[in-house]
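Student: I would like a close look at one part of this structure. Can you walk me through it step by step?

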Amino acid sequence: MENLIFDKSVEGRKGYTLPKLDVPVSAEGVIPSKYLRQNDARLPEVSEIEVARHFQHLSHKNFNIEKGMYPLGSCTMKYNPKINEKIAAFSGYAGLHPMIDDKYAQGALQLMYELGEHLKEITGLQGVSLQPAAGSQGEFAGMSMFKAYHDDRNDTARTTILVPDSSHGTNPASAAIAGFKVDTIKTNENGRIDIEHLQSKVGPHVAGFMITNPSTLGLFEQRIDDVARIIRECGGLLYMDGANFNALLSIARPGDMDFDCVHINLHKTFSTPHGGGGPGAGPVCVSEKLLPYLPKPQVVKEGEEYRLSLGNQKTIGRLHSFYGNFGVLVRAYTYIRMHGAVGLKRISENAVINANYIFARVKDYYEVPFDDHCMHEFIISGNKQKKLGVTTKDIGKRLLDYGFHAPTVYFPLTVPEAMLIEPTETENKQNLDEFSDAMIAIANEAETNPDLVRNAPHSTPLKRLDEALAARNLDICWSGYKN
């Protein structure tokens with residue numbers, strides 16, 4: 001079957017007709033001649049049903065969350081409820097022009113204001129900006145506010161941000177882009193922050209500490225109070241990477257742990273779409289001391305009216321045009337309002353239970369770096385299978401034959417042959433058992449028939465690619481296209 005829509009093209013066939021031009025035409029036409037192409041665009045000539053069938057066919061070839069379980073640890077590939085899409089498509093939201101006057105956008109402004117209030121309550125913090133377009137930009141916003149805070153106090157010797165060795169790669173990158181040096185703190189044999197090593201690294205040069213809690217190892221930092229105390233005593237600020245906030249909803253709050261700033265990945269915690277290069281959102285919530293430095297504009301409520309305010313003169317400025325990716329905010333707001341406080345707590349409880357259930361079922365078949373109750377995700381290692389000639393990558397490829405996407409592999413970097421598994425709260429026990437059975441079966445195959453695993457996948461439209469060659473010689477353009 002043809003894979004390119006151009007293969008279906010038949011001269012003269014049409015699936016769409018442009019409406020009649022309804023704007024004035026100048027002497028040069030609608031578009032100045034210097035901007036016009038010299039030849040007609042080479043477009044496929046196909047009917048509407050052929051277009052629909054073509055892209056439906058392609059979608060069936062690709063793995064997606066509606067096709068099977070997607071246990072990407074630290075990425076939280078949870079199901080996106082269709083109600084989110086329905087609300088975001090309301091004409092009053094989807095058709096709202098970004099330049100419209102505030103008085104004609106009261107509903108949208110109210111939604112953003114209320115979403116911010118919900119996030120403040122959920123995090124236990126006093127301020128919020130919905131503007132960051134991703135968790136990484138939320139980190140950058142937080143680091144920029146840390147810098148503005150210290151500079152405002154003329155405490156310019158604070159040039160270093162501390163990060164754990166298990167942190168997300170965006171943490172040190174965000175700190176560096178904001179102008180800080182980065183120093184790494186070790187984790188101990190239990191997978192938690194090495195308190196003694198942290199104590200040895202603090203001083204008047206430390207601007208703050210970035211930490212994910214629960215950590216990327218899937219573990220809650222049991223001595224987070226000691227961590228906060230040490231950083232406070234040296235005059236630093238505390239930043240929480242909220243990537244794993246999916247485990248804490250209505251259970252624990254960053255503000256109660258003494259954090260000054262946290263970003264929340266709305267796709268990970270509040271079910272907005274993830275991946276595909278589309279818009280995202282990574283709102284930041286801050287403590288009272290960082291309120292003056294929040295990005296502008298801010299949504300404020302005055303009486304019964306809502307408006308955009310340019311904020312304090314100490315603001316770090318804009319991070320995004322207008323006020324962030326509004327459609328994503330609508331989806332997150334819908335999810336929060338649909339579940340309420342009780343429902344959000346159940347989400348985290350189920351995420352934690354699901355992860356611990358799979359962990360208990362598979363841990364006897366793989367190496368376990370930290371044999372402890374996990375939070376919403378856990379780590380196992382393929383070291384045992386590697387000794388048999390089967391790598392973690394092989395295991396991930398073989399999972400496709402069983403109808404599952406691979407978990408996150410080779411991350412965190414501190415665990416050799418790592419597999420970071422997160423089932424999310426949206427999978428039922430039957431799905432958890434099927435995934436666990438597949439992991440156990442693959443472990444047995446590695447012992448009895450390693451070539452079967454090494455040569456996987458066997459049931460996908462394409463077999464294993466030469467990924468290094470594909471990355472170096474990326475070709476995503478149709479060679480028959482001519483301008």
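Student: Where is the place of Y410? Please start there, then take me along the chain to helix 13.

Tutor: This is a predicted model. Y410 sits in the loop between strand 11 (408-409) and strand 12. Its backbone stands out: Y410 is not a glycine, yet its phi is positive, about 60°. Y410 counts as partly exposed because its relative accessible area is 32%.

S271 makes a useful partner for study. S271 also has a positive phi, about 65°, and is not a glycine. Its loop runs between helix 9 (266-269) and strand 7. S271 is buried, with a relative accessible area of 1%.

Now go on to helix 13. It covers residues 429-448, 20 residues in total. From first C-alpha to last, helix 13 reaches 28 Å, close to the 28 Å expected at 1.5 Å a residue. N428 caps its N-terminal end. There, a side-chain oxygen of N428 lies 3.2 Å from the backbone nitrogen of Q430.

Look at the buried residues next. In helix 13 they include L432, F435, M439, I440 and I442. D433 and E445 are buried too. The buried residues of helix 13 pack against several elements, among them strand 12 (418-421), helix 10 (326-362) and helix 14 (450-454). Strand 12 also borders the loop that holds Y410.

One last stop follows helix 14. The loop between helix 14 and helix 15 (467-472) contains P457. A cis peptide bond joins A456 to P457, with omega about 5°.

Definitions and conventions
Residues are numbered from 1 along each chain as its sequence is written. This is a predicted model: local features need pLDDT of at least 70, side-chain atom pairs count only at pLDDT 80 or more; totals for chains, interfaces and linings use all residues. Side-chain values use heavy atoms; hydrogens and water are left out. Helices (H or I, at least four residues) and strands (E, at least two) are DSSP runs, numbered from the N terminus. The expected span of a helix is 1.5 Å times one less than its number of residues. Buried means under 20% relative accessible area, exposed over 50%, partly exposed in between (1.4 Å probe, protein chains only). Contact means heavy atoms within 4.5 Å. A polar contact is a pair of N or O atoms within 3.5 Å; within protein, one must be able to donate a hydrogen and the other to accept it, and residues adjacent in sequence count only if both atoms are side-chain atoms.
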